[in-house]
Amino acid sequence: SFGSVCGVDDLRAISKAHELCNAYSLDTISAGMTVAFAMECFENGLITTKDTDGLELRFGNAPAMVEMTRRLCEREGALADLLAEGPAIAAKKLGPAAEPFVIAVKGQPFPMHTPRNRHGQGLGYAVSPTGADHMHNFWDEGLAKAVPDDSLQSLGVHTSVPQTELTPVKVRAYKAVTNWQWVHNHLGHCMFIPWTRDQIVEIVRAITGWETTVHELLLVGERGVTMARAFNLLCGLGRKDDVLPMRLNTHFRAGVVNEAPIDPEVLDESVSLFYEMMGWDAQEGVPTKAILQELDIAWVADLL
C-alpha cells in the first residue's frame with residue numbers, strides 16, 4: 001500500500017516505510033492506506049501545508065510518504081496523531097468532504113485486493129466481522145472457471161459464476177468457503193501452506209487427540225463467525241455497517257484495467273441472503289435461537 005496506493009515506485013522508500021512500521025509494530029497495509037487517504041485529502045484541499053508543517057503530501061512524493069509514515073508511527077504533530085486513529089476516525093474530524101476518501105469497512109482499510117473485479121470478495125468485505133479483511137474471504141476466480149475448482153465442488157458448489165456477478169450461487173459458495181477460512185484463523189497456522197481439508201483434519205487429530213472430521217471443523221468455523229457476529233451486535237455494529245465504501249459504486253477504467261462497480265441493491269439483497277443461509281435474522285443479521293442451538297452455543301441468545 002505504500003507503493004501503488006500511494007503512487008510511489010521508489011522501492012527504497014517503500015522498504016523504509018515498511019521498516020518503520022515493523023519497528024513500531026504497525027500493520028503495513030493499514031498504515032499505507034492511511035497515508036494514501038491523507039494524500040487524497042491533501043490534493044483535494046482538505047489538508048494543507050499548514051497541517052503538514054510544509055510537507056507536500058501528494059501522490060508519488062516518496063520522501064513525503066516516508067516522512068508522514070514516520071510521524072504517524074510516532075504520532076508526531078496534530079495531523080499524524082489524528083491519522084494514527086485510522087482513516088475512518090480521521091475523516092469524521094476532517095469533515096464530510098473526506099468521507100469519500102475512506103476506503104474501509106467497519107473502520108478497517110482495504111487490503112491489497114479490489115472487489116470491483118471480484119464481487120464475491122466485495123460481499124466478504126461487507127459482512128466480515130472485522131471489515132475489509134482478506135484472511136477469511138472468497139476468491140471469485142475459482143468459481144469463474146467453466147468447471148469450478150475441486151475445492152469448491154467438494155463443498156457442493158458446481159455452477160460457474162463470472163467474477164463480476166453476485167448471485168445466490170456465489171453467496172452459497174462464499175458461505176461455504178469462508179466458514180472453512182475461519183477454521184484456518186482459529187488454528188493460527190500459516191496460510192501460505194496449501195494444506196488440503198483432509199490434511200488439516202489429520203493435523204488437528206495429531207495435535208489434539210480429537211477425532212474430528214471436515215464437517216465438524218466447518219461447524220467450528222461457523223460457530224466462530226457466528227459468535228463474532230453476536231459480539232459485534234453487542235458493540236453496536238449491525239446491518240448498517242455491512243456495506244461497502246461509496247467509491248465501489250463507481251466504474252474504474254485505466255489502461256487495460258476495466259473494473260465494474262458492485263450494484264448496491266444487489267449487494268444489499270446478497271447480504272440478506274447470506275444472513276438467512278447462516279441462520280441469522282434476514283433484516284439485522286441476529287443469529288436465531290435455532291442456529292445457536294445447532295452450533296451448541298445456545299447461551300449466546302441470552303446476551304442478544
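Okay, let's start with a cysteine: C6 sits at 0% relative accessibility, so it counts as buried. Before I go on, keep in mind that this is a predicted model.

So what about disulfides? The structure holds zero of them. C6 is in none, and the nearest cysteine sulfur, which belongs to C21, is 10 Å away. For anyone who wants the chemistry, a disulfide is a covalent bond between the sulfur atoms of two cysteines. Then there's C190, which counts as partly exposed because its relative accessibility is 40%.

Next up, helix α6, running over residues 87-94. Which residues are buried there? P87, A90 and A91 are. Those three cover an arc of only 105° around the axis, so they end up on the same side of α6. The general background is that an α-helix has 3.6 residues a turn, so residues three or four places apart point the same way. Flip to the other side of α6 and you get K92 and K93, which are exposed.

And what do the buried residues of α6 pack against? That would be α2 (28-43), α5 (78-83) and β2 (108-109). If you like looking at backbone angles, check G95, just after α6: it takes a positive phi of about 110°.

Since α2 just came up, let me stay there for a moment. F42 is part of that helix, and with a relative accessibility of 7%, F42 counts as buried. What does F42 touch, once you leave out residues up to four places away in sequence? The contacts are I47, T48, T49, T52, L55, E56, L57 and R58. You can also look at F42 together with F59: they're 17 residues apart along the chain, and their C-alpha atoms are separated by 9.3 Å.

Last stop, the surface. There's a nonpolar patch out there, formed by M227, L234, W299, L303 and L304. How much accessible area do they have together? About 480 Å². One of those residues, L234, is found in helix α12, which covers residues 214-234. On its own, L234 has 49% relative accessibility, and the cut-off for exposed is over 50%, so L234 counts as partly exposed.

To recap: zero disulfides in the structure, a helix α6 with P87, A90 and A91 buried and K92 and K93 exposed on the other side, a buried F42, and a nonpolar patch on the surface that includes W299. That's what I've got, thanks.

Technical notes: Residues are numbered from 1 along each chain as its sequence is written. This is a predicted model: local features need pLDDT of at least 70, side-chain atom pairs count only at pLDDT 80 or more; totals for chains, interfaces and linings use all residues. Side-chain values use heavy atoms; hydrogens and water are left out. A disulfide is a pair of cysteine sulfur atoms within 2.5 Å. Buried means under 20% relative accessible area, exposed over 50%, partly exposed in between (1.4 Å probe, protein chains only). Helices (H or I, at least four residues) and strands (E, at least two) are DSSP runs, numbered from the N terminus. The arc is that of the directions from the helix axis to the C-beta atoms. Contact means heavy atoms within 4.5 Å. Patches are made of residues with over 30% relative accessible area and no salt bridge: like charges are joined within 9 Å, nonpolar side chains (Val, Leu, Ile, Met, Phe, Trp, Tyr) within 5 Å. Accessible areas come from the Shrake-Rupley method with a 1.4 Å probe; for residues, only the protein chains shown count as cover. A salt bridge is a side-chain nitrogen of Lys or Arg within 4 Å of a carboxyl oxygen of Asp or Glu.
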